[in-house]
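User: I should like to go through the assignments made for this structure and ask what each of them rests on. Please set each value against its criterion.

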Amino acid sequence: ISFGPQARQKLDIWVPTAPAKGPRDVIVFFYGGRWNSGDRELYGFVGRALAARGYVVVLPDYRRVPEVRFPGFVEDGAAAVAWVQKNIPSYGGNPARIHLSGHSAGAHIAALLTLDPHWLRAVGAPAHSVRSFAGLAGPYDFLPFTSDASKAAFGQMPDPKPSQPITFARKDAPPMLLLTGSTDTTVKPRNSSALALAQSKLGARAHTLFYEGIGHSDIIMAIARPF
């Protein structure tokens, strides 16, 4: 389904087959790929796994580097959430109970949409409908830019702080669950612990889960049935 005019502004929806007594909570899940790769068709396993738990699941694509740089992919994420708020009742979802999630670069996008309300306001979407955030191996506090991928996505910024979710830590943010593997060398676990600490110091709800011996790809593969 298209949520915008661009070729990559499309999303898939996964709906539980079991009958529901009322509108279901909705998870919008953003996949990772260093902001320069990935496709929603590769993440049907996420849709199946979460729909089996009773959620309506939305998997959006977004424009990637080099077609766009920051904030293009975040703007696409906001547009997808705005589409969900307006249209998800047709698929049995509750537009007032949206949960944002993602892996790696997708967790970065979802975290910014959760913490910085201006992205959703810019597309006319009420930020209060986002009820929680769950991030898998997300980069939330990764200055300075050292990897080629981060330089390509953010290196043009005169002030890089707006690209960092931790910049927007706030007391009234939705609850956050930050999951990471202890052996992740792509996005270091300190990203999760730093954001959780910043949120906790402000009195917000943030919880971390560290999985021993799990790497950057392992944590998302574990959602797939074969793993």
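User: What phi does Gly203 take just after α6?

Analyst: In this predicted model, Gly203 follows directly after α6 and takes a positive phi of about 90°.

User: How do you know that the span of helix α6 agrees with its number of residues?

Analyst: Helix α6 covers residues 190-201, which is 12 residues. The expected span is 1.5 Å times one less than the number of residues, so 16 Å should be covered, and the end C-alpha atoms are 16 Å apart; the two values therefore agree.

User: Which residues of α6 are buried, and what covers them?

Analyst: The buried residues of α6 are Asn191, Ser192, Ala194, Leu195, Ala196, Ala198 and Gln199. Their cover includes α3 (105-115), β6 and β7. As a general point, an α-helix has 3.6 residues a turn, so residues three or four places apart point the same way.

User: Why is Arg190 called partly exposed?

Analyst: Partly exposed applies between 20% and 50% relative accessible area. Arg190 has 41% relative accessibility, and therefore counts as partly exposed.

User: What makes Asp141 and Arg190 a salt bridge?

Analyst: The criterion is a side-chain nitrogen of Lys or Arg within 4 Å of a carboxyl oxygen of Asp or Glu. For Asp141 and Arg190 the closest N and O atoms are 2.8 Å apart, and the pair forms a salt bridge. Asp141 lies in the loop between β5 and α5 and Arg190 in helix α6, so the pair ties together parts that are 49 residues apart in sequence. Asp141 has 18% relative accessibility and so counts as buried, the cut-off being under 20%.

User: How many salt bridges are counted by this rule, and which residues are linked in a network?

Analyst: The count comes to 10 salt bridges. Arg8, Asp12, Asp39, Arg40, Glu41, Asp61 and Arg64 are linked in a network of them. Within this network, Arg8 forms a salt bridge with Asp61, with closest N and O atoms 3.4 Å apart. Because Arg8 lies in the segment before β1 and Asp61 in the loop between β3 and α2, this pair ties together parts that are 53 residues apart in sequence. Arg8 and Asp61 are both buried.

User: What makes Arg64 and Asp39 a salt bridge?

Analyst: Their closest N and O atoms are 3.8 Å apart, which meets the requirement of within 4 Å. Arg64 lies in the loop between β3 and α2, and Asp39 in the loop between β2 and α1, so parts that are 25 residues apart in sequence are tied together. At 28% relative accessibility, Asp39 counts as partly exposed.

User: Are Arg34 and Trp35 buried or partly exposed, and on what values?

Analyst: Arg34 has a relative accessible area of 45% and is therefore partly exposed. Trp35 has 6% relative accessibility and so counts as buried. Arg34 is found in the loop between β2 and α1, and Trp35 lies in the loop between β2 and α1 as well. Phi is positive in both, near 60° for Arg34 and near 65° for Trp35.

User: Why is Ser150 called buried, and what is it in contact with?

Analyst: Buried means under 20% relative accessible area; Ser150 has 4% and therefore counts as buried. Ser150 lies in helix α5 (residues 148-154). Beyond its neighbours within four places in sequence, Ser150 is in contact with Trp35, Phe142, Phe145 and Gly155.

User: Where are the cis peptide bonds at Pro66 and Pro144, and what omega does each have?

Analyst: One joins Val65 and Pro66, with omega about 10°; Pro66 is found in the loop between β3 and α2. Another joins Leu143 and Pro144, with omega about -5°; Pro144 lies in the loop between β5 and α5.

User: What makes the pair Asp25 and His99 a polar contact?

Analyst: The side chains of Asp25 and His99 make this contact at 2.7 Å, against a limit of within 3.5 Å between N or O atoms. Asp25 is found in strand β2 (residues 24-30).

User: In what order do the strands of the sheet run, and which are the edge strands?

Analyst: The open sheet has 7 strands in the order β1-β3-β2-β4-β5-β6-β7, with mixed pairing. The edge strands are β1 (11-14) and β7 (206-211), each of which pairs on one side only.

User: How do you know that β5 and β6 pair?

Analyst: Pairing needs at least two bridges; strand β5 (residues 130-136) and strand β6 (residues 176-181) are joined by 4 bridges and run parallel. The bridge partner of Phe133 in β6 is Met176.

Definitions and conventions
Residues are numbered from 1 along each chain as its sequence is written. This is a predicted model: local features need pLDDT of at least 70, side-chain atom pairs count only at pLDDT 80 or more; totals for chains, interfaces and linings use all residues. Side-chain values use heavy atoms; hydrogens and water are left out. Helices (H or I, at least four residues) and strands (E, at least two) are DSSP runs, numbered from the N terminus. A polar contact is a pair of N or O atoms within 3.5 Å; within protein, one must be able to donate a hydrogen and the other to accept it, and residues adjacent in sequence count only if both atoms are side-chain atoms. Buried means under 20% relative accessible area, exposed over 50%, partly exposed in between (1.4 Å probe, protein chains only). Contact means heavy atoms within 4.5 Å.
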